[in-house]
Amino acid sequence: MTVKKHLSSKDSKKFWEEINKQKEKSRSELAKLPFEKKIEILEQMQRDRQDLMSSKSASE
């Protein structure tokens with residue numbers, strides 16, 4: 001029989017530290033991209049949002 005480990009505040013702290021490190025790494029990589037690439041990413045995000053919004057309204 002195995003004992004399930006309960007999450008503690010220490011585990012949560014480690015989790016959020018790792019999440020924050022990954023976010024900072026991602027921000028750093030995005031900051032290095034050329035402006036044109038950033039525009040492409042923004043346009044894709046806007047298209048994705050429009051698709052999501054239109055599919056949400058179609059399902060209602």
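**Figure 1. A nonpolar patch on the surface, formed by Phe35, Ile39 and Leu42.** The model shown here is predicted. Together, the three residues of the patch offer about 280 Å² of accessible area. Ile39 belongs to helix α2, which covers residues 35-59. Is Ile39 buried, partly exposed or exposed? Its relative accessibility is 31%, so Ile39 counts as partly exposed. The cut-off for buried is under 20%, and exposed begins over 50%.

**Figure 2. The aromatic pair of Phe15 and Trp16.** One aromatic pair is present in the structure. How far apart are the ring centres of Phe15 and Trp16? The distance is 5.0 Å. The ring planes stand at 80 degrees, so the pair is edge-to-face. Planes over 60 degrees apart fall in that class.

**Figure 3. Exposure of the two paired residues, Phe15 and Trp16.** Phe15 has a relative accessible area of 46%. Trp16 comes to 47% relative accessibility. Phe15 is therefore partly exposed. Trp16 also counts as partly exposed.

**Figure 4. The whole protein, with its two helices.** Which secondary structure does the protein have? There are two helices and zero strands. One of the helices is α2, where Ile39 lies. The protein has 60 residues, and 0% of them count as buried. About 6200 Å² of the protein is exposed. Carbon and sulfur atoms supply 58% of that area.

Conventions:
Residues are numbered from 1 along each chain as its sequence is written. This is a predicted model: local features need pLDDT of at least 70, side-chain atom pairs count only at pLDDT 80 or more; totals for chains, interfaces and linings use all residues. Side-chain values use heavy atoms; hydrogens and water are left out. Helices (H or I, at least four residues) and strands (E, at least two) are DSSP runs, numbered from the N terminus. Buried means under 20% relative accessible area, exposed over 50%, partly exposed in between (1.4 Å probe, protein chains only). Accessible areas come from the Shrake-Rupley method with a 1.4 Å probe; for residues, only the protein chains shown count as cover. Rings of Phe, Tyr and Trp (its six-membered ring) pair if their centres lie within 6.5 Å; planes under 30 degrees apart count as stacked, over 60 as edge-to-face and the rest as tilted. Patches are made of residues with over 30% relative accessible area and no salt bridge: like charges are joined within 9 Å, nonpolar side chains (Val, Leu, Ile, Met, Phe, Trp, Tyr) within 5 Å. A salt bridge is a side-chain nitrogen of Lys or Arg within 4 Å of a carboxyl oxygen of Asp or Glu.
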